[in-house]
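The following paragraphs guide a new reader through one structure, beginning with a single helix and widening to the whole chain. Please keep the sequence and the structure in view while reading.

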Amino acid sequence: MTFRFSLRIALLALGATLLPGLPAQAQLARKPSFYDQRNEAQSGLVAGDPLANPVRPARGPASLPVLRSQAEFDGLARVYDAGTPMQLAHVLFVIDRQAKPARMYYLDTPRFQLHVRFVRDAGLAPHAGKRAIDQNYLRPDRRFLFGTLSWQQNIGAFTYEFWEGDQLTAPLLKEADRVVKATFLFAPVKLKTNSTLHERRAQETGTDFVSQEALIREQPYLPLNIGRAIGRVRIVEQASGVNALTPDDIAVLKQVPISLPPVAGVVTERPSTALSHVNLLAKGWGIPNAYLRDAASALRPYEGRWIDLQVNAAGHTVRVLSADEVAARPPRSAPATPPPTVLTLRPDLREARLLPLAALRARSSTHCGVKAANLGAMQAAKIPMTSVPDGFCIPFAQYDRFMRDNGLAARLAKLQQLPGFATDPQARQKALAQLRDEIVQWPVDAATSAAWRARWQSQLGGGGVFVRSSSNSEDLPGFSGAGLYTTVPNVKTGDALEVAVKKVWASVFNPEAWEARSAAGFGADAVLMGVFVQTAIDSTNAGVLITRDPFDARHAHVTYISAKRGIGIRVVEGQRVAEQVMYSSWSKAIQVLSRSAENTALQLDQGGGVKEVPVEPGRNVLTDELVLKLAGVGAAVKRVFNGVDQDIEWATVGDRVVLLQARPYVERSAPPR
């Protein structure tokens, strides 16, 4: 699936050609994307779009110079996803600037589908090749303006727009706006901006416009993880109510919680992002997850009933199960399809020394986990204009010795025999919480604790540090483990350092981690926790970037960036929508999906931990300059890890990008449950 909104428009192998995109995936957290040029050129159809109208036989004029009525618009329009929340009716247009005055052509869109076909077939440019056509997107002295005019049903208005990579100048936009408004006569129409460049041009010229981000806010539906679920509908009014959910429930959440027990499916009433904690859990568990405006009201008639929920790109469907179907459901403890087995990293327990960042390389993953090893690899790569905060690793061997000294194996075996542990999520959560509390109270031998403090003082100057997980069950090719384990921020004393390390060790038994590992096919006995103690930084901005479109694997040229002001702990919480943009190295366009809704940010507290401070509302987190820099850094990090797409945590301090983590980007869709 693809993160796109309204129209996705592409340069094609036949020549630069403007095309509308799939509104089925034109949703809250999605972006205009790009057609596969070769497939489109060969087929003559909209690549990958089974919902587009087929080419219809020629009937009536090939184009009209003016649209005087809704009937004329409908007669030329192609409609995607008719009858769904994503329905989009649109008409391609060509403005011939060589004519005096400039002439408008509204195309019979199902007949032509591509602008280039029209200008060739109509004799305007019968022999134009790709290079000549491309110039009509790139040059200020171009002959043609290629655009699309659409009915935006979610705002009840007509808009016109251009491909996101179109290098519009202010004079070109003023001319286009004048011609469109002089020839589209039966309703108001305004520009829809598809890139930050287009938005700047609109502001420069005073052109009335609606931004892509503003339209995204009006979307009633967003499938964050497509799939199918069978379960009982449970409407959760408050975030605290999630603790009562069971694996048989389809959770309808009026608020977005920070954590979630295993469920069959998720529908949220508040918009979130692809990297929110809840969505990462949904992906890890392989369950569908969707945003649906007024979800509680829409699904209230099904509360307590068993349903078959299907989350698709264009919408969702609900079917109530019969009594026989409910009775035939297999128990969750014995799924019809066993979960895939993900192999944990094989640890080497012979290395018990504290290892500094400068000594860590890929091979260090067997001692310290992939997270710590990858930080060492990035520092060694010396990526320009980046840095990695210094730190040291407490290896797996020390976790193993601590847990053996304190009898973890016997304690864990006893815990798993408790009544309800295997079948009751609430009982399991309670037992795991008690185990975590016990682990934090277990003693660390004096020599080990003294070594931690000495290294903290000698290498890191005794300043504030983040104490971070680096287990053998995260950052793996088939299992990211994102958000499962604990980070303790800005630890500033030796005593607090010891407690923080034990909290990170104990987070092996966080309920989300336990359930995600179970779904992935491995248990707690296979898990070892390394700890990375890292210098704390007070960042201006922070976030996550993915080196490809996280919603469509075909778009390797796209970088997705999510960001907030301050320290980046909250980027994945999902409580408020982060700032999100997409950058295409192909079209060179920056597209805004959402601006940050935050009016506060987290900063380091002088006494330890973090504090919340007010920030100026409405200020952009991601400037174009920063987006381009981050995209370049992401590409460089990807090269460090042999071209494997990466999920990268970053922050900014001054003009430098600080790298805090890189893990293989893991995509897992939701199978039927």
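In helix α17 of this predicted model, the buried residues are Thr 448, Ser 449, Trp 452, Trp 456 and Leu 460. Viewed down the axis of α17, these buried residues fall within an arc of 105°, so they line one face of the helix. The spacing reflects a general rule: an α-helix has 3.6 residues a turn, so residues three or four places apart point the same way. On the other side of α17, Ala 446, Ala 447 and Ser 458 are exposed.

The helix itself runs over residues 446-460, which amounts to 15 residues. From its first C-alpha to its last, α17 reaches 21 Å, close to the 21 Å expected at 1.5 Å a residue. After α17 comes Gly 461, with a positive phi near 70°.

What lies over the buried residues of α17? The cover includes the strands β20 (391-394), β21 (465-471) and β23 (529-535), together with the helices α14 (396-405) and α18 (494-506).

Strand β20 also takes part in a covalent link. Cys 393 in this strand is paired with Cys 368 in helix α12 (residues 365-368), so the pair ties together parts that are 25 residues apart in sequence. The two residues form a disulfide, with their sulfur atoms 2.1 Å apart. In general terms, a disulfide is a covalent bond between the sulfur atoms of two cysteines. The link of Cys 368 and Cys 393 is left-handed, with -110° about the S-S bond. Both Cys 368 and Cys 393 are buried. A search of the whole structure finds 1 disulfide.

The wider chain gives these details their setting. Its secondary structure comes to 20 helices and 31 strands. Of the 673 residues in the chain, 57% are buried. Among contacts between residues at least 6 apart in sequence, 68% join residues at least 24 apart. The chain exposes about 25700 Å², and carbon and sulfur atoms supply 53% of that area.

Finally, the confidence of the prediction should be considered. The pLDDT averages 85 over the chain, and 86% of the residues score at least 70. Over residues 333-341, however, pLDDT stays under 50, and the model has 9 contacts beyond four places in sequence for this stretch. Residues 669-673 also have a pLDDT below 50; this stretch has 22 contacts in the model beyond near neighbours in sequence.

Conventions:
Residues are numbered from 1 along each chain as its sequence is written. This is a predicted model: local features need pLDDT of at least 70, side-chain atom pairs count only at pLDDT 80 or more; totals for chains, interfaces and linings use all residues. Side-chain values use heavy atoms; hydrogens and water are left out. Helices (H or I, at least four residues) and strands (E, at least two) are DSSP runs, numbered from the N terminus. The expected span of a helix is 1.5 Å times one less than its number of residues. Buried means under 20% relative accessible area, exposed over 50%, partly exposed in between (1.4 Å probe, protein chains only). The arc is that of the directions from the helix axis to the C-beta atoms. Contact means heavy atoms within 4.5 Å. A disulfide is a pair of cysteine sulfur atoms within 2.5 Å. pLDDT is the predictor's confidence in each residue, from 0 to 100. Accessible areas come from the Shrake-Rupley method with a 1.4 Å probe; for residues, only the protein chains shown count as cover.
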